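Student: Could you take me on a close look at the sheet, starting from one of its edges, and then show me what sits around it? I'd like one connected walk-through.

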Amino acid sequence: MPQKTSAKPLLDVLAGQRQAVPPIWMMRQAGRYLPEYLEVRAKAGGFLDLCFTPELAAEVTLQPIRRFGFDAAIIFSDILVIPYALGRSVRFEAGEGPRLDPLDTPEKIGTLAAQADFTKLEPVYEALRRVRNSLAPNLALIGFCGAPWTVATYMVAGQGTPDQAPARIMAYSHPKAFAKIIDALVDNSIEYLLGQLEAGADALQIFDTWAGVLTPREFLRWSVEPTARIVAGVRARAPAAKIIGFPRGAGALLPAYVGGTAVNAVSIDWTAEPQSIRERVQNKVAIQGNLDPLVLIAGGAALDSAIDDVLANYAKGRLIFNLGHGILPETPIAHVEQMIARVRAYKG
């Protein structure tokens with residue numbers, strides 16, 4: 001009996017059906033490479049003002065859909081809205097990234113609230129409802145959260161660092177205290193993702209941007225296990241939820257991540273070794289990725305070759321075409337158009 005289709009190619013891939021032409025979207029597709037985004041960003045004031053103004057967040061979410069016709073929109077927000085809802089100070093300094101009040105001692109960790117104030121996140125849900133009402137029926141809407149490990153790294157250090165050493169040291173030195181941060185993030189991320197599904201998200205992505213700095217033992221403890229708890233917690237109340245994991249830099253640990261988390265798809269970066277991914281990962285779940293964002297800046301023949309490599313390596317199986325990380329602000333729009341045209345010309 002043929003599988004029932006959803007009329008949304010991305011969801012069909014997540015449900016187990018290969019598409020002859022892979023669905024395509026980009027991480028950070030609503031962003032600074034688009035002049036229309038920059039116009040809205042200038043009106044909004046601060047970055048969080050943009051995230052928490054539903055009409056503006058919905059508008060920038062829809063901008064890349066109007067311009068490029070991607071197969072999915074991802075809601076415009078940030079992974080640090082959960083710490084904000086937990087009562088932490090979160091601010092974004094121009095040109096420097098996020099700043100938080102650091103939880104850099106066990107005593108400070110003891111001040112962390114266990115329960116988020118989800119009224120603070122109602123603007124995200126309203127933005128999702130607005131986008132859902134504006135999207136064509138064949139387009140998927142993706143909600144997301146940061147993985148507990150990655151969000152915790154910012155909460156401990158108060159900012160991003162080259163290798164997130166402050167959180168790694170905290171996890172080694174005070175694992176029980178560090179686990180309190182992880183537990184709060186797991187519990188509240190489950191509620192946040194369920195709220196996104198209720199507001200209209202079709203699928204969810206969990207971003208573990210800093211997973212690649214962990215040793216194998218710590219990776220299982222602080223990346224795989226918390227993500228597995230989120231997936232299980234979401235599916236306990238939304239059994240059909242489709243979830244994509246992105247443990248950036250996991251490399252040879254990707255099979256353990258897939259086996260341990262029960263995600264429907266895993267997003268891979270551009271350093272992934274294709275044969276290993278096909279034989280040990282793509283035979284179990286869908287693959288999302290993995291074009292190098294820098295080759296998208298380069299364009300030309302190099303871009304065509306890199307696109308062809310991704311398609312040759314993964315399009316015979318279940319593939320969602322994407323970048324290996326977010327699109328960079330200096331990316332020419334013409335190169336994005338070149339990429340989309342080449343992917344959609346694929347005859348698989």
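**From the edge strand inwards**

Tutor: Let's start with one pair of residues: Ile287 has Leu319 of β9 as its bridge partner. This is a predicted model, so keep that in mind throughout. That pair belongs to the contact between β8 (residues 286-291) and β9, two strands that run parallel and are joined by five bridges.

Now zoom out to the whole sheet. It is open, has seven strands paired in parallel, and reads β1-β4-β5-β6-β7-β8-β9 in order. β9 (319-323) sits at one edge and β1 (72-74) at the other; each has a single partner strand, so one side of each has no neighbour in the sheet. Going from one strand to the next, the twist averages 25°.

So is β9 buried or exposed, edge strand that it is? Buried: five of its five residues are, so the strand is largely enclosed by the rest of the structure. You can check this face by face. Leu319, Phe321 and Leu323 are buried on one side, and Ile320 and Asn322 are buried on the other, which leaves both faces of β9 covered. Put the two points together and you have a strand with a single partner in the sheet that is still largely enclosed.

Step further along the order and you reach β6 (residues 243-247) and β7 (residues 265-267), which pair in the parallel sense over two bridges. If you want a residue to click on there, try Gly245, whose bridge partner in β7 is Val266.

Next, the helices and their charged side chains. The count of salt bridges comes to 16. A good one to look at is Glu36 with Arg67, where the closest N and O atoms are 2.9 Å apart. Glu36 lies in helix α2 and Arg67 in helix α4 (residues 54-68), so this pair ties together parts that are 31 residues apart in sequence. As for their surroundings, Glu36 is buried at 19% relative accessible area, while Arg67 is partly exposed at 35%.

Arg66 makes a salt bridge too, with Glu59 (2.9 Å, N to O). Here Arg66 counts as exposed, with 53% relative accessibility, and Glu59 is partly exposed at 26%.

For a pair within one helix, go to α7 (residues 122-134). Arg130 and Glu126 are four residues apart there, which puts about one helical turn between them. Their closest N and O atoms are 3.1 Å apart, in a salt bridge. Both partners are partly exposed, Arg130 at 36% relative accessible area and Glu126 at 26%. They don't stand alone, either: Glu122, Glu126, Arg129 and Arg130 are linked in a network of salt bridges.

Last stop, the largest pocket, with a volume of about 1,300 Å³. It is lined by 40 residues, and Arg28, Arg32, Phe47, Asp78 and Phe92 lie nearest its centre. The elements giving two or more residues to the lining are α2 (35-44), β2 (90-93), β3 (97-100) and α8 (148-157). β3 gives the most, with three residues. By type, the lining splits into 20 nonpolar, 12 polar and eight charged residues. Notice that α2 turns up again here: it lends residues to this pocket lining, and it is also the helix that holds Glu36.

Definitions and conventions. Residues are numbered from 1 along each chain as its sequence is written. This is a predicted model: local features need pLDDT of at least 70, side-chain atom pairs count only at pLDDT 80 or more; totals for chains, interfaces and linings use all residues. Side-chain values use heavy atoms; hydrogens and water are left out. Two strands pair if DSSP finds at least two bridges between them. Axes are lines fitted to C-alpha atoms, for helices over the stretch in contact, and angles run from 0 to 180 degrees between N-to-C directions. On a 1 Å grid over the protein atoms alone, a cavity is a set of points where a 1.4 Å probe fits but cannot get out, and a pocket is an open set with protein on both sides within 12 Å along at least five of seven lines; lining residues have an atom within 4 Å of a point. Grid points are joined across faces, edges and corners, and a volume is the space filled by probe spheres set on the points. Ala, Val, Leu, Ile, Met, Phe, Trp, Tyr, Cys and Pro count as nonpolar, Asp, Glu, Lys and Arg as charged, and the others, Gly among them, as polar. A salt bridge is a side-chain nitrogen of Lys or Arg within 4 Å of a carboxyl oxygen of Asp or Glu. Buried means under 20% relative accessible area, exposed over 50%, partly exposed in between (1.4 Å probe, protein chains only).
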